[in-house]
Amino acid sequence: MRPDLLILDDLGAERNTSYGKECVFDVVNRRLLSGKPMIITTNITLSVMQKATDLDDRRIYDRILEVCVPILFNGENFRKGNAAENIKKAAELLKLPLS
């Protein structure tokens, strides 16, 4: 809890186990109680967070939504573009036809 700003990247990508959820809850709850800011990125939609039925998930999401302002980023998936460009470069290097 020492950092002035905590960034949790890709919430929901961790293993979906009771231990994993306990760890996430502990970090989020401690951060909330400390009053220090955090930024959380996730592919979990706001509606899924708001309608979570699993108690462990609800406990985590309720705390996140208490202190974080949801901001939706829509746009192109840059990884798909990078992958397509890499395939094109590999095909050129190997003199393979693109399909």
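Leu5, Ile7 and Ile39 make a nonpolar surface patch of about 270 Å². Patches are built from residues with over 30% relative accessible area and no salt bridge; nonpolar side chains (Val, Leu, Ile, Met, Phe, Trp, Tyr) are joined within 5 Å, like charges within 9 Å. Areas come from the Shrake-Rupley method with a 1.4 Å probe, and for residues only the protein chains shown count as cover. The model is predicted: local features need pLDDT of at least 70, side-chain atom pairs count only at pLDDT 80 or more, and totals for chains, interfaces and linings use all residues. Residues are numbered from 1 along each chain as its sequence is written, and side-chain values use heavy atoms, with hydrogens and water left out.

Within the patch, Ile7 lies in strand E1 (residues 6-11). Helices (H or I, at least four residues) and strands (E, at least two) are DSSP runs, numbered from the N terminus. Ile7 is exposed, at 52% relative accessibility. Exposed here means over 50% relative accessible area, buried under 20%, and partly exposed in between (1.4 Å probe, protein chains only).

The structure holds three salt bridges. A salt bridge is a side-chain nitrogen of Lys or Arg within 4 Å of a carboxyl oxygen of Asp or Glu. Side chains of opposite charge can pair when their charged atoms come close.

One salt bridge joins Asp54 and Lys21, with the closest N and O atoms 3.1 Å apart. Asp54 sits in the loop between helix H2 (46-50) and helix H3 (55-67), and Lys21 in helix H1 (residues 18-34), so this pair ties together parts 33 residues apart in sequence. Asp54 is partly exposed, at 31% relative accessible area. Lys21 is buried, at 13%.

Lys21 also meets Asp57 in a salt bridge (3.3 Å, N to O). This pair links distant parts of the chain, with Lys21 in helix H1 and Asp57 in helix H3, 36 residues apart. Both residues, Lys21 and Asp57, are buried.

Asp26 pairs with Arg30 in another salt bridge, the closest N and O atoms being 3.0 Å apart. The two are separated by about one helical turn because Asp26 and Arg30 stand four residues apart in helix H1. Asp26 is partly exposed, with a relative accessible area of 34%. Arg30 is likewise partly exposed, at 48%. Through shared partners, salt bridges join Lys21, Asp54 and Asp57 into one network.

Lys89 lies in helix H4 (residues 78-94). At 45% relative accessibility, Lys89 is partly exposed. The C-alpha atoms of Lys89 and Leu65 are separated by 43 Å, with their positions 24 residues apart along the chain.
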